[in-house]
Amino acid sequence: MEVVARVTRKSPDQLASMRKAGKIVAETLALLTEAIRPGVTTAYLDKLAEEFIRSREAIPSFKGYRGFPASICTSPNDVVVHGIPGDYRLVEGDIIGIDCGAIYEGMHGDAAVTVGVGEISLEAVRLIETTKRALEAGIEVCVPGNTLGDIGHAVESIVEAEGFSVVRDYVGHGIGEQMHEPPQIPNYGVPGEGKKIKVGHVFAIEPMVNIGTHLTKVLEDGWTVVTADGSLSAHFEHTVAVLENGPEVLTRI
C-alpha cells in the first residue's frame, strides 16, 4: 500500500515562531551579502553566519544535518547548491549562492541569495535577475486553491523565456518543525496539477537556474552539486506562508 506523506498546516503559534526564524535568516543573508568581496574566503562567511545566528539565540539548521559540516552552503559559479565552505577565496567576477537556515523556538526558516563579487558579466547579471524574478513569480501564485503545478509553471515560464534551464534534480519543499517536510515543490510543472495549496501551508520555494543545460552532477565530497556542463548557476529561495489573503514571505527583511 502506498503511503502518502501528509502536508501539515501550521498553527498561528508555529507561524509566529517561523516569522522569528525567518527574520534571523534574512538578517544573516543581509550581513553576508555586505561581507562578500574579492579576497574573502567561504570559510569566513560561514564563521560570520554561525556567530550571528547563535547571537540571536537560534541554531544553524544546516550544521550537522545529515553530516553537513557547516552552517551555510556556499556555491560559487558552476556550483548549483550544497557547496561546503572552505578555503576558496572569492575573486572579482565570481557569483556565489549563499543558502542559510536557522531554527528558533523549534521552527525553521530557510532562504538563499546569489550575489556578484565585484563587477560581473552581463550574462551573470541576467542569470541572477532572472532567477530572482522566477522566485517572485512562484511566490505570487502561493494562494489557497492554486496547486503546486502552478508554482512550478510560474517559475519555469520566467526561466525558459530567457533561454536558461531550470534544475530538475533538486526542488523546493515544505518546511516547519523539520527543515525538509512534504511536499516536494519542483520548479517546473503544469498549471492546475499537483497538490492543492491550503491556508497554513509553508513552503521553501527555491529556483535553481543554469545558463546551460539543466543537468547536474555531485562531486566526490558527496555534497557539492555542479552544473554538468560547467556553466554558471544561480539560486534564490524564500520561506513562504500561505494565508487567507495570499502569500507572506517569512524570510524577507
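**A helix, two cores and a small sheet**

In this predicted model, helix H2, which runs over residues 42-55, has 14 residues and spans 20 Å from its first C-alpha to its last, close to the 20 Å expected at 1.5 Å a residue. Buried positions in H2 are Thr42, Leu45, Asp46, Leu48, Ala49, Glu50 and Ile53, and the elements that cover them include helix H1 (12-35) together with strands S1 (59-60), S2 (72-76) and S4 (95-104). Just after H2, the backbone at Glu57 takes a positive phi of about 60°.

Turning to the nonpolar interior, the largest core holds 26 residues, and the members that touch the most others are Leu127, Cys142, Ile151, Val159, Phe203 and Ile205. Two or more residues of this core come from each of helix H3 (122-140), helix H4 (148-161), strand S9 (202-205) and strand S14 (238-243), with H3 giving the most, six residues. Another core lies apart from this one and has 23 residues, among them Ala21, Leu48, Ile72 and Ile98; Leu48 is also one of the buried residues of H2.

The remaining feature to follow is an open sheet of three strands, which has the order S6-S10-S13 and antiparallel pairing. Strands S6 (165-166) and S13 (233-235) form its edges, each pairing on one side only. Between strand S10, residues 208-210, and S13 the antiparallel pairing extends over three bridges, and within it Val209 stands opposite Ala234 of S13. Helix H3 packs on this sheet, where H3 touches both S10 and S13 and its direction makes about 35° with that of S13; H3 is also the element that gives the most residues to the largest core.

How values were computed: Residues are numbered from 1 along each chain as its sequence is written. This is a predicted model: local features need pLDDT of at least 70, side-chain atom pairs count only at pLDDT 80 or more; totals for chains, interfaces and linings use all residues. Side-chain values use heavy atoms; hydrogens and water are left out. A nonpolar core is a set of buried Ala, Val, Leu, Ile, Met, Phe, Trp, Tyr and Cys residues joined through side-chain atoms within 4.5 Å. Buried means under 20% relative accessible area, exposed over 50%, partly exposed in between (1.4 Å probe, protein chains only). Helices (H or I, at least four residues) and strands (E, at least two) are DSSP runs, numbered from the N terminus. The expected span of a helix is 1.5 Å times one less than its number of residues. Contact means heavy atoms within 4.5 Å. Two strands pair if DSSP finds at least two bridges between them. Axes are lines fitted to C-alpha atoms, for helices over the stretch in contact, and angles run from 0 to 180 degrees between N-to-C directions.
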